[in-house]
Protein chains: 2
Amino acid sequence: MNTFTEENYLKAIYHLSIKEESVSTNEIAASLSTKAASVTDMLKKLAEKGLINYTKYQGVTLTASGEKVALNIIRKHRLWEYFLVEKLNFKWDEVHDVAEELEHISSKELVDRLDDFMGNPKYDPHGDPIPDRNGKFKAYELKPVSTMEVNHTGVISGVREHSPAFLQYLEKQQLVIGKKIKIEEINSYDHSVILSVEDKRVHISREVANNLLIAL
Amino acid sequence: MNTFTEENYLKAIYHLSIKEESVSTNEIAASLSTKAASVTDMLKKLAEKGLINYTKYQGVTLTASGEKVALNIIRKHRLWEYFLVEKLNFKWDEVHDVAEELEHISSKELVDRLDDFMGNPKYDPHGDPIPDRNGKFKAYELKPVSTMEVNHTGVISGVREHSPAFLQYLEKQQLVIGKKIKIEEINSYDHSVILSVEDKRVHISREVANNLLIAL
DNA sequence: TAAAAAATTTAGATTAGTCTAAAAATTTAA
DNA sequence: TTAAATTTTTAGACTAATCTAAATTTTTTA
Ligand SMILES: [Mn+2]
Ligand SMILES: [Mn+2]
Ligand SMILES: [Mn+2]
Ligand SMILES: [Mn+2]
């Protein structure tokens, strides 16, 4: 149907489309660690196949059909991540690269049965929503810890960054999905935050507070 | 490490090596549904990488390193088949094609954890042995039903053919792995066999009797 | 044991995906 | 509002895997 590479392009365009209407060649190249010239070639091919809307020099958007393909890859990626964490005891920082491979396994039957086997989970280990077999999903409404005020509480429900380094750091501080936190102090000089998780006080930088998300 | 295609060649050579010492270009081409000219090219590459022993016009054998790669692919193939049948309720005739894709997922960690998750099974859904993480395995000692005599009994433990059509046929007759059978009659004209499984009499052709295997 | 047949390899193309370097278009900013 | 900077596309090449057709080697067989 679509090649491994085409699927990766569609997924990248989908993710980049969340921030802006139209996605540029250079952004795609950066996101896939490839060169702009290669991207241009692929954009022509994807447009040819009716998966993207592409006008020279104007950037691209996904067509309905392209979005459907992208969402299916994302569904598979997140379901496999859930499987790896919940059934095979992987840590949340170890699953992304394996899921990058597994997401390209084509069998629809496999994904749907896997989904059922796990009880049709709605969110992956990082708090990202898992599209159902029709591509429908509901994202949590989230805000970064950095926007909270002193004495407010919230439940950790997502992350804005998925690097193993960041996830490992969070885990070490017990700042994982589902934990309830309370803002104890905000340092007005560097915007770092002291919060409490399970009666322990943790001091996090502004950057961390920006990338750690709380359910509204 | 090795490409998807290289892995498929090594696996094909491994399977063909069971019947003969040295494997020919044409046999590989037939087994992979490709052309002899393509095979020759790939053999040069695999020899270059030290994965096969290849002398022009003389056929090939796997090196120790090539065999190790092949066994790892086979390990993954069979473990995934076991997973699909035991955990996701696939039928034994539905798993092969999906496993052909899954066997190329590279993560060693994934396979080993999957192995543990399922309790380190020794045989796949078709009775084929699953190599352990060191590539060691023990095949059942098997003989075809066609070599059995009247009134002898045995336990179905493997198949010589893996086509969905054959497997579906067997399933319909209740002739599945683990079932005990007894030879009731052998038709000396066409070598067809009447046997009993769980008090039911089943009439199978010589061809089926040849491809259905009993533990010694 | 020399033709004929079969198997295998080589030669030359093709396709997907990638790259660098150069050209063209767009955006920015003086 | 034109020149400079940036972005994007084109041109031309390369690699992996494949193919067909032709050449070569091995095997068969008469
Ligand atoms: Mn991921
Ligand atoms: Mn995730
Ligand atoms: Mn199989
Ligand atoms: Mn099998």
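**DNA surface and manganese site in a predicted model**

Reader: In this predicted model, how many nonpolar, polar and charged residues has the surface near DNA strand C?

Author: The structure is a predicted model. In total, 21 residues surround DNA strand C, and the closest are T3(A), T34(A), K45(A), Y54(B) and K56(B). Sorted by class, the surface near the strand has 8 nonpolar, 8 polar and 5 charged residues.

Reader: Which part of DNA strand C does a polar side-chain atom of Y54(B) lie 2.4 Å from?

Author: Of the atoms of DNA strand C that come within 4 Å of the protein, 79% belong to sugar and phosphate. T34(A) places a polar side-chain atom 2.6 Å from a phosphate oxygen of the strand, and an N or O atom in the side chain of K44(B) is 2.7 Å from a phosphate oxygen. For Y54(B), the partner at 2.4 Å is likewise a phosphate oxygen.

Reader: Which element gives the most residues to the surface near DNA strand C?

Author: Elements giving two or more residues are α1 (4-17) and α3 (36-48) of chain A, together with α2 (25-31) and α3 (36-48) of chain B. The most, 5 residues, come from α3(A).

Reader: Which residue coordinates both the manganese ion (ligand 2) and the manganese ion (ligand 1)?

Author: The protein donors of ligand 2 are E81(A), D124(A) and H126(A), lying 2.1 to 2.3 Å from the ion. The two manganese ions are 3.6 Å apart, and the residue that coordinates both is E81(A).

Reader: Is H126(A) buried or exposed?

Author: H126(A) lies in the loop between α6 (108-117) and β3 (142-144) of chain A, 45 residues apart from E81(A) in helix α4. Its relative accessible area is 1%, which is under the 20% limit, so H126(A) is buried.

Methods. Residues are numbered from 1 along each chain as its sequence is written. Chains are lettered from A and ligands numbered from 1 in the order in which they are written. This is a predicted model: local features need pLDDT of at least 70, side-chain atom pairs count only at pLDDT 80 or more; totals for chains, interfaces and linings use all residues. Side-chain values use heavy atoms; hydrogens and water are left out. A residue is near a molecule or strand if one of its heavy atoms lies within 4 Å of it. A polar contact is a pair of N or O atoms within 3.5 Å; within protein, one must be able to donate a hydrogen and the other to accept it, and residues adjacent in sequence count only if both atoms are side-chain atoms. Helices (H or I, at least four residues) and strands (E, at least two) are DSSP runs, numbered from the N terminus. Ala, Val, Leu, Ile, Met, Phe, Trp, Tyr, Cys and Pro count as nonpolar, Asp, Glu, Lys and Arg as charged, and the others, Gly among them, as polar. Donors are N, O and S atoms within 2.8 Å of the metal (3.2 Å for Na, K and Ca); water is not among the atoms, so sites may look incomplete. Buried means under 20% relative accessible area, exposed over 50%, partly exposed in between (1.4 Å probe, protein chains only).
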